[in-house]
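Q: Could you walk me through this one? I haven't looked at it before.

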Amino acid sequence: MTSRPFLKQWAHAALHSISCRVTYSYEANGVTHLAEGVTRDISPTECTIRGSVVPPMGGKSTLTLSLRDQHRPLSINGTVTWTSGEYFGVSLEELTDHDYQRILQWLWDVGYVNMVEW
């Protein structure tokens, strides 16, 4: 397959504009909490979430995205880097190529990306 820089840039822009449901867990005071939210943008390195509960800054978090692609939900570990009201940012551990391709496939399936030969 051929790499197309414009398509990769477009896919990155689409990832920043989508919102999808996310479940996230985090630890506070020795207890693991589970909450739900909506992504406001997502890239291979970071994500903004509008959540029902805002985790503490600097805390570890695991995000779970159900991409409705007949595969297990995608879990991504990260660290909360900022908070503002009901929003917070998570610096993500690097996505594997496989996980990134799943997200791109999901974008295509929901109509955000018109797949061309990669």
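A: Gladly, and one term should come first: two strands pair if DSSP finds at least two bridges between them. In this predicted model, strand E4 and strand E5 (residues 74–84) run antiparallel and are joined by six bridges.

Q: Which residue in E5 is the bridge partner of serine 61?
A: The partner of serine 61 is glycine 78, which belongs to E5.

Q: And how many bridges join E1 to E4?
A: Strand E1, covering residues 21–28, is joined to E4 by four bridges, and these two strands also run antiparallel. Within that pairing, tyrosine 24 has leucine 63 of E4 as its bridge partner.

Q: OK, so where do the side chains of E4 point?
A: They alternate along the strand, which spans residues 60–65: Ser61, Leu63 and Leu65 point to one face and are buried, whereas Lys60, Thr62 and Thr64 point to the other face and are not buried.

Q: Zooming out, what's the order of elements in the chain?
A: The chain holds two helices and six strands, and read from the N terminus the order is α-β-β-β-β-β-β-α. Of its 118 residues, 39% are buried, and the chain exposes about 7,200 Å², of which carbon and sulfur atoms supply 50%.

Q: What about contacts between residues far along the sequence?
A: If you take the contacts between residues at least 6 apart in sequence, 54% of them join residues at least 24 apart.

Q: Switching topic: is serine 91 buried, exposed or partly exposed, and why?
A: Serine 91 counts as partly exposed because its relative accessibility is 34%, and that value lies between the 20% under which a residue is buried and the 50% over which a residue is exposed. This serine is found in strand E6.

Q: Which residues does serine 91 touch?
A: Leaving aside residues up to four places away in sequence, serine 91 touches Thr45, Glu46, Asn77, Gly78, Thr79 and Thr81. Valine 80 is eleven residues from serine 91 in sequence, and the C-alpha atoms of the two are 6.4 Å apart in space.

Q: Last thing, which elements have the lowest and highest mean pLDDT?
A: Helix H1 (residues 5–17) has the lowest mean among the elements, at 58, while strand E6 (residues 87–92) has the highest, at 94. Over residues 113–118 the pLDDT is below 50, although this stretch has 17 contacts in the model beyond near neighbours in sequence. For the chain, the mean pLDDT is 78, with 73% of the residues reaching 70 or more.

Notes
Residues are numbered from 1 along each chain as its sequence is written. This is a predicted model: local features need pLDDT of at least 70, side-chain atom pairs count only at pLDDT 80 or more; totals for chains, interfaces and linings use all residues. Side-chain values use heavy atoms; hydrogens and water are left out. pLDDT is the predictor's confidence in each residue, from 0 to 100. Contact means heavy atoms within 4.5 Å. Buried means under 20% relative accessible area, exposed over 50%, partly exposed in between (1.4 Å probe, protein chains only). Accessible areas come from the Shrake-Rupley method with a 1.4 Å probe; for residues, only the protein chains shown count as cover.
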